[in-house]
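Visitor: I am new to this structure and would rather learn one part well than skim the whole. Please choose a single strand, take me through its surroundings slowly, and then show me what can be found beyond it.

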Amino acid sequence: MALPVAEWQGRTARLWAALDPALRERLAAASLHDAVRLGCDLLRTEEEAALVQLCHRAPTDKKPEAASWYREQGNREFKLGQYQAALRLYSKVASHELPGSPEVSVCFANRSAALLHLGHFEVCLEDIARAESHGYPDRLLPKVLLRKAECLLCLGRLQDAQDILRVLESKIALDGIMTAHLTRLKKLSQLKVKLGEKERCPEPAQEAHGGIQGEPEIWEENNRISGASSSLSLSFDAERGRHLVASQDIVPGQSLVKEEAFVSVLCPGESLPLQDGDTAWDTGATSADLYCHRCLRQLLASVPCQGCSYAKYCSQDCADMAWQQYHRTECSLGALLLTLGVFCHVALRTVLLAGFTEVSRLVAGSHRGDENFQNPEASCKPVSEAADAGAGSRGVPGCDSSGRYQSSYQALFHLLPHTEQHSPEHKFLCTLSVVALCKQLQAAGLEAAVLSQESPQQWSKPKTCEKTSDELSPELKTVAEAMLRHMLQLQCNAQAITVMQELGPGDGAVVDKKPVRLATALFPVLSLLNHSCCPNTSVSFSGTAATVRAVQPISSGQEVLHCYGPHWCRMRVAERQQLLSQYFFKCRCPACLEELESGVKSVVSIRNSFCCPKCQAKMQGEEDTLCCSNEACATSASRDHLSGRLQDLQQQIKKALDLLRVGKADQAIKMLLKCQRDAGTFLSPEHLLMGEMEDHLAQVYATLGKWQEAARHLKKSIEIVEMHHGPSSVETGHELFKLAQILFNGFAVSEALSTIQRAEGILSVHFGPQSAQIQELQEMKACLSELPRNILQRT
């Protein structure tokens, strides 16, 4: 959720409506500095109290009773053999256990058992080490040591395994009650036999995961724009603002920008709002449970924050770095940050990462009216030319004194906040939110941490947050002003970090994935790219790093463009223009101009149209009643009626997929085939939903191992996807990847190899030659190519 919860938005809206009209007018025209000053006066005690109450609905403190509940659920799943579910529940236990409690070590030991069953041996050893370091009970140690020896054996670390087994034997021998260890002794003897076999027959060394590597990308960094290719230059003009242009011809697949986010905040994910009396404990997993809160790597066995139940990390190093950089300030304010939304959280983390010295310098510069802030039209030259003329204060906004545009706080600060174009109500909401947050920082005794006035030795868990109406210090008003600037900037400059997430359990032969918004971030260099509904680049992410690649040939002098979301293949021009209005510009890209000026109907309208229920010709018309385009037929139908049928059809498809998820594949096929027949009576054959149904049928047949049927349906889906998105689109690439998996599993060797080659060609352009999907395609190709020649000739 980017903005604050609905209840806080409602309160600020009512407060705004109750203000004197003259004061509203004054606020609407106020600078950021004056808005904060007025906001401090207008944030009343009752608003602060209401915000504290709202925070109770998003608790982030540790609760031992929650840990006990999650442990019971985890043990139940473990006994049922549902080790993945148990693993996630044990991680929730770890997040709620109080540091230093004896239960912490047991929690890590339980989680190590689930990891062993799942085959994650290295991570299992890490959890065993955590259990031992947290004082795991000596009476239970033989069980954990046995698990440790088994992991070491599986990893081929024979000498280490032998050492552990000797320790284990001595511990059991010293134990007076031998019967308690009979099961372990039996297991121990089995392990010793295995160990002896491994010593006699050493296995060949395993290749590292992902051993087949793609060709390394050729990369020469720009000496004027950090993280950008030398094939780009930075320009500025009054109409387009800062933008990137090609300084030489660029080919598809070429990397243009590689940038680490200056700041990123994990989106908490969808969860049901708590009602009075509800428990916050549930077994569901959101993004906050699945990804590292600092580096965004997927979590297997999370390392919990010592102070709150919310923040989770992939390693102790990540946890320590996050604490040092920002989490020592954010830790006790987790509920407040969840209540005020991701944009407010990003704004706070931005100033914490930048440091108060740099924040106050740039805020003071904005008050002085430097040209960089007030007159960006001072230079319209490419940055390479502007540098010679004295870039920085007189050059392109955001450049340093040498004319270099870096992925820095200075560049980020100069991104436009569009203060005059935001609605006064929105600006008021943002103002009260950052003022309320800064007041809580002051009340919790966190001001010194925010202002970087504490040494690391002084860092400790902050005091519990309490409401206050005390006047903000001048320094925190500066922080609030910077935060307000960043919160307003985010509407036009926030970048969604997306990840391809598996649909379903992820244990099938064919893996279906969809893009999911993982985090909200600010990338100063990536923000230089202007929008086009028909872009010439594609953006992909790895953790907190973004890579921009060309997906079309870009000629020297041509602008490099990125799609902000509304793509010409996915929505009509009216819908695109409506969505783009939030960015305060009207799109004039070739796709929009063609549809707006020539009256050409968009491909989305044509291909996603209804067809005549009688003769299957296209239905046409802009009014509520649609007419058949076949004059001999002249059938008419209500648009609302056809839209209702479409919604009913989508509900039936959802039910079919629910049947598949519970293992009722045959029933799912029958329902999908019926949906297909119904759809054919009122949807055009090229409608995207027709393609989705073919895709779903392919998925069901693949689940049953009917590879030829699965391939037949998926090929039909690919035809429709190509019509909508184009043969070289990322959507087509993902569908070809699935077809390659199906053909590989179905042993259709020659067709699989040709499909792999085509999928590789498309996906390498969008994601680079070393992406996970390319690696998997290359592994499939290598496996097929190693088959005996006589088999290859027969297929």
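Guide: I will begin with the setting, stay for a while with one strand, and then move outward from there.

This is a predicted model, in which local features need pLDDT of at least 70 and side-chain atom pairs count only at pLDDT 80 or more, while totals for chains, interfaces and linings use all residues. Residues are numbered from 1 along each chain as its sequence is written, and side-chain values use heavy atoms, with hydrogens and water left out.

The protein has 33 helices and 15 strands, which are DSSP runs numbered from the N terminus (H or I over at least four residues for a helix, E over at least two for a strand). Of its 795 residues, 51% count as buried, a word that means under 20% relative accessible area, with exposed meaning over 50% and partly exposed what lies in between (1.4 Å probe, protein chains only). Among the contacts (heavy atoms within 4.5 Å) in the protein with a separation of 6 or more, 66% join residues that are 24 or more positions apart.

The strand I have chosen is S11, which covers residues 545-550. Five of its six residues are buried, so S11 is largely enclosed by the rest of the structure. Strands count as paired if DSSP finds at least two bridges between them, and S11 pairs both with S3 and with S10. Strand S3, made of residues 255-260, is joined to S11 by five bridges and runs antiparallel to it; within this pairing, Glu260 stands opposite Ala545 of S11. Six bridges join S10 to S11, again in the antiparallel sense, and here Val539 has Val548 in S11 as its bridge partner. S10 and S11 form a hairpin with two residues between the strands, where Gly543 takes a positive phi near 65°.

S10 also leads us to the aromatic rings. The structure holds seven aromatic pairs, where rings of Phe, Tyr and Trp (its six-membered ring) pair if their centres lie within 6.5 Å, planes under 30 degrees apart counting as stacked, over 60 as edge-to-face and the rest as tilted. One of the pairs brings together Phe523 and Phe541, whose ring centres are 6.2 Å apart and whose planes meet at 45°, so the pair is tilted. Phe541 belongs to strand S10 (residues 537-542), whereas Phe523 sits in the loop between strand S8 (513-522) and strand S9 (530-531), so that the pair links distant parts of the chain, 18 residues apart. Both rings belong to buried residues, since Phe523 has a relative accessible area of 1% and Phe541 one of 19%.

Away from the hairpin there are other arrangements of rings. Phe262, Tyr409 and Phe413 form one aromatic cluster, and the charged end of Arg485 sits over the ring of Phe413, 4.2 Å from its centre. A charge is said to sit over a ring if NZ of Lys or CZ of Arg is within 6 Å of the ring centre and within 35 degrees of the ring normal. Elsewhere, Arg349 lies over the face of Tyr326, at 3.9 Å from the ring centre.

Two further places deserve a careful look, and Ile225 appears in both descriptions. Ser233, in strand S1 (residues 232-237), is buried with a relative accessible area of 14%; leaving aside residues up to four places away in sequence, Ser233 touches Ile225, His243, Leu244, Val245 and Ser247. Gly403 lies in the loop between helix H18 (383-388) and helix H19 (409-413), and is buried with a relative accessible area of 0%. Although Gly403 and Ile225 are 178 residues apart in sequence, their C-alpha atoms are 9.1 Å apart in space.

Finally, there is an open sheet of three strands in the order S13-S14-S15, with antiparallel pairing. Its edge strands are S13 (619-620) and S15 (636-638), each of which pairs on one side only. Strand S14, spanning residues 625-628, pairs with S15 over three bridges, and Leu626 stands opposite Ala637 in S15.

To return to where we started, S11 has bridges to S3 on the one hand and to S10 on the other, with five of its six residues buried.
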